[in-house]
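Here's a quick briefing to read alongside the coordinates. Have the viewer open, and let's go through it topic by topic.

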Amino acid sequence: MEFIQYDHVSKSYGKQLVLDELNLYVKENSFVTLLGPSGCGKTTTLRLLGGFEKPDSGKIYLNGNDITALPANLRPINTVFQKYALFPHMTIAENIAFGLKIQKKSKEYIDDKIKYALKLVNLDGFEKRSIDSLSGGQQQRIAIARAIVNEPKVLLLDEPLGALDLKLRQSMQYELMKIKQELGITFIYVTHDQEEALTMSDTIVVMNQGYIQQIGTPEDIYNEPENAFVADFIGESNIIEGIMIKDELVSFLGVQVPCVDKGFGTMKPVDVVIRPEDVELGEPGKGFMDGVITDCLFKGVHYELDVQCGQYEWLVHTTKYFEVGQHVSLNVIPFNIQIMNKPESEDEEVMKEND
Amino acid sequence: MKKFKKGASYTYLGLIFLFLYAPILVLIVLSFNNSMSRTVWGGFTLQWYLNLPSNDTIMDALFTTLRITLSSSILATILGTSAAIGINRMKKHHAAIMLGATNIPLLNADIVTGISLMLLFTRFTSLGEFSVVLAHIAFSVPYVIFNVLPRLQSMSDACIEAAMDLGASPAYAFYKVILPEIFPGVLSGFLMAFTMSLDDFTITYFTKGAGVNTLSTMLYTELRKGIQPELYALSTLLFLLAFIMLIATNFKGMNKKEVVR
């Protein structure tokens with residue numbers, strides 16, 4: 001049996017079904033990210049493991065033990081909350097010592113642990129400070145310190161960087177990865193920020209409307225999305241309806257283009273995903289189709305272009321500048337064309353229409 | 001012109017304070033008056049204050065008041081705090097109903113509350129000190145709830161969850177996390193309950209039964225019998241006590257605001 005296992009877990013609030021028969025396995029010492037839009041059930045999945053919610057049906061196992069009915073205070077799991085949830089009437093040292101005092105550890109042990117934890121989160125010497133005197137980023141580090149001094153088997157992080165600004169968020173991502181390496185425990189991380197997920201995780205679980213859409217490494221998820229929802233949610237994409245004529249040949253927007261995918265059958269309707277950075281622009285007539293640049297935005301690292309080809313408007317990322325109104329050709333190497341089955345569940349379809 | 005405006009506004013303010021506090025000032029002055037007359041100043045004396053401890057009626061009423069006020073305000077604080085915690089956890093709709101019900105004793109005329117409590121007590125128990133305590137708890141609880149509930153609502157649920165997450169049992173989380181957070185509210189609720197109970201005349205009068213007298217009911221009966229300057233002294237002391245409590249409550253409030261920024 002795996003380290004953490006969700007076995008057919010369902011949960012609803014009132015009439016709204018949040019998780020439907022969820023099955024999920026997590027390996028020990030991995031960094032797993034639950035990724036999805038708000039309302040997809042990722043936070044509920046996390047809270048079920050933390051013990052803050054009870055499933056309506058199904059079981060949750062930790063290390064082979066059924067912990068479904070175990071209350072939060074008896075689970076060897078600690079949580080870093082989105083809004084820090086530090087105790088405002090206690091000093092930083094008292095906040096960090098909270099769990100250790102409950103475990104009745106000696107004063108020396110507690111003091112050592114506080115020192116160690118503050119060092120780990122780069123806040124040495126902050127013991128006596130009050131919570132009010134800290135910035136958001138510092139508060140979140142204290143929240144992390146407070147959780148890890150208890151040496152949990154699993155650390156749950158519920159959008160811990162959500163309230164921080166971009167620069168701070170990026171540096172905290174590296175710190176979290178460092179802390180993870182130092183501690184060697186399992187991290188389960190919830191976020192709606194795909195970049196965060198891609199940067200930090202060993203495994204990403206993409207969720208939508210209570211269902212798992214895809215589980216895989218960040219590379220798998222980005223390069224080989226299994227359905228249109230994943231492709232659309234992770235990064236930006238051109239998602240085009242097409243027909244798989246036969247193995248390694250797909251037709252879309254009236255042209256036939258070679259690809260590397262096999263096994264979809266013949267004349268099968270599919271979704272074609274092409275990442276904006278994989279589209280190469282050239283002189284008219286030299287690609288598989290021609291178009292006109294309708295918009296060109298400077299984004300720092302690259303330009304973001306809209307290219308109108310008949311009815312379809314392509315999103316293209318390029319480092320070269322193009323004039324609006326310029327005629328170009330589009331080209332994509334076969335390897336960068338991703339073919340996906342049409343969505344089978346209605347929920348996926350709904351999501352696509354909403355976007 | 002500007003000076004005149006300012007002068008006028010200070011005069012206006014002075015007049016307001018004069019009319020508000022003149023009656024109490026008269027009372028305080030008379031409590032130091034070395035004469036039984038209500039109109040003639042007979043020189044300064046402390047004798048009415050010094051006489052107080054030897055007056056059995058007054059001392060008896062004082063101790064009865066302290067017993068009733070302390071026990072009712074402590075019990076009301078415990079009940080009101082528990083009620084606030086319960087209401088805070090309720091669904092919005094249910095909480096609104098509970099709060100509405102809590103409002104009724106506040107809005108109801110004291111005399112109606114007094115009479116209905118009297119009728120209730122004569123049917124199910126007897127009138128006496130105990131029934132006064134019950135009555136005082138009944139009208140004090142809402143004040144505690146209204147002081148504690150806002151503190152609870154401003155507290156994030158995540159703090160309680162964090163405490164549980166770190167291994168705290170629900171009871172431990174309550175004492176270490178919830179109580180310190182809501183304590184200012186609990187304290188001001190207690191002080192209000194204390195003042196209300198100390199001040200109350202109407203409800204006490206109807207629910208006390210024969211032989212039991214608090215300071216306020218005693219004052220009422222004694223003053224009808226005739227002039228007793230000791231009672232002025234006692235009233236002055238009561239006013240001072242209420243005044244000090246008021247300042248204490250406000251001072252706490254001011255301090256809190258500073259911390260919150």
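Going along the sequence, chain B reads α-α-α-α-α-α-α-α-α-α-α, that is, 11 helices and zero strands. Chain A is a mix, with nine helices and 20 strands. Keep in mind that this is a predicted model.

**Chain B, overall**

- Taken along the principal axes, the C-alpha atoms of chain B fill a box of roughly 70 × 65 × 30 Å.
- Chain B has 261 residues, and 31% of them are buried.
- If you look at contacts in chain B with a separation of 6 or more, residues 24 or more positions apart account for 78% of them.
- Helix H10 of chain B covers residues 215-225, and its buried residues include B:Leu215, B:Thr217, B:Met218 and B:Leu219.
- Right after H10(B) comes B:Gly226, with a positive phi near 160°.

**Chain A, overall**

- The C-alpha trace of chain A spans about 75 × 45 × 35 Å along its principal axes.
- Of the 355 residues in chain A, 39% are buried.
- For contacts in chain A between residues at least 6 apart in sequence, 65% join residues at least 24 apart.
- The domain assignment splits chain A into domain 1 (4-223), domain 2 (237-273 + 334-355) and domain 3 (280-331).
- Where domain 2 and domain 3 of chain A meet, the contact takes five residues from domain 2 and seven residues from domain 3.
- On the domain 2 side of that contact, S11 and S13 of chain A each supply at least two residues.
- By class, that same side of domain 2, the one touching domain 3 of chain A, has four nonpolar residues, one polar and no charged ones.

**The five-stranded sheet in chain A**

- What is the strand order in the open sheet of five strands? Reading across, you get S13-S12-S11-S14-S20 (chain A), with antiparallel pairing.
- Strand S13 (255-258) and strand S20 (338-341) of chain A stand at the edges with a single partner strand each, so one side of each has no neighbour in the sheet.
- From one strand to the next, the twist averages 40°.
- Strand S11 (residues 238-246) of chain A runs antiparallel to strand S12 (residues 249-252) of chain A, and four bridges join them.
- Two pairs to click on between these strands: A:Met244 stands opposite A:Val250 in S12(A), and A:Lys246 has A:Leu249 in S12(A) as its bridge partner.
- S11(A) and S12(A) form a hairpin with two residues between them, and A:Glu248 in the turn has a positive phi of about 65°.
- S11(A) also pairs with strand S14 (residues 268-274) of chain A, in the antiparallel sense and over seven bridges.
- In that pairing, A:Gly242 stands opposite A:Val270 in S14(A).

**Nonpolar cores**

- Which residues touch the most other members of the largest nonpolar core? They are A:Ala143, A:Ala145, A:Ile188, A:Val205 and A:Val250, out of 128 residues in that core.
- Helix H6 (residues 129-154) of chain B gives the most to this core, with 11 residues.
- There's also a second, separate core of 12 residues, and its members include B:Leu30, B:Tyr232, B:Ala233 and B:Leu234.
- Leaving out residues up to four places away in sequence, A:Ala143 touches A:Val80, A:Phe81, A:Tyr84, A:Ala85 and A:Leu86.
- A:Val250 turns up twice in this briefing: it belongs to the largest core, and A:Met244 stands opposite it in the sheet.

**Where chain A meets chain B**

- The contact takes 15 residues from chain B and 16 residues from chain A.
- On the chain B side, helix H7 (157-165) and helix H8 (170-199) each supply at least two residues.
- Which helix gives the most to the side of chain B that touches chain A? That's H7(B), with six residues.
- The residues on the side of chain B that touches chain A divide into nine nonpolar, three polar and three charged.
- If you want a size for a contact like this, the usual figure is often the accessible area lost when the parts come together.

Notes
Residues are numbered from 1 along each chain as its sequence is written. Chains are lettered from A and ligands numbered from 1 in the order in which they are written. This is a predicted model: local features need pLDDT of at least 70, side-chain atom pairs count only at pLDDT 80 or more; totals for chains, interfaces and linings use all residues. A residue is buried if 20 or more other C-beta atoms lie within 10 Å of its own, exposed if 12 or fewer, and partly exposed in between; C-beta atoms are placed from the backbone. Two residues are in contact if their C-beta atoms, placed from the backbone, lie within 7 Å. A nonpolar core is a set of buried Ala, Val, Leu, Ile, Met, Phe, Trp, Tyr and Cys residues joined through C-beta atoms within 7 Å. Two strands pair if DSSP finds at least two bridges between them. Axes are lines fitted to C-alpha atoms, for helices over the stretch in contact, and angles run from 0 to 180 degrees between N-to-C directions. Ala, Val, Leu, Ile, Met, Phe, Trp, Tyr, Cys and Pro count as nonpolar, Asp, Glu, Lys and Arg as charged, and the others, Gly among them, as polar. Domain bounds come from an automatic or database domain assignment.
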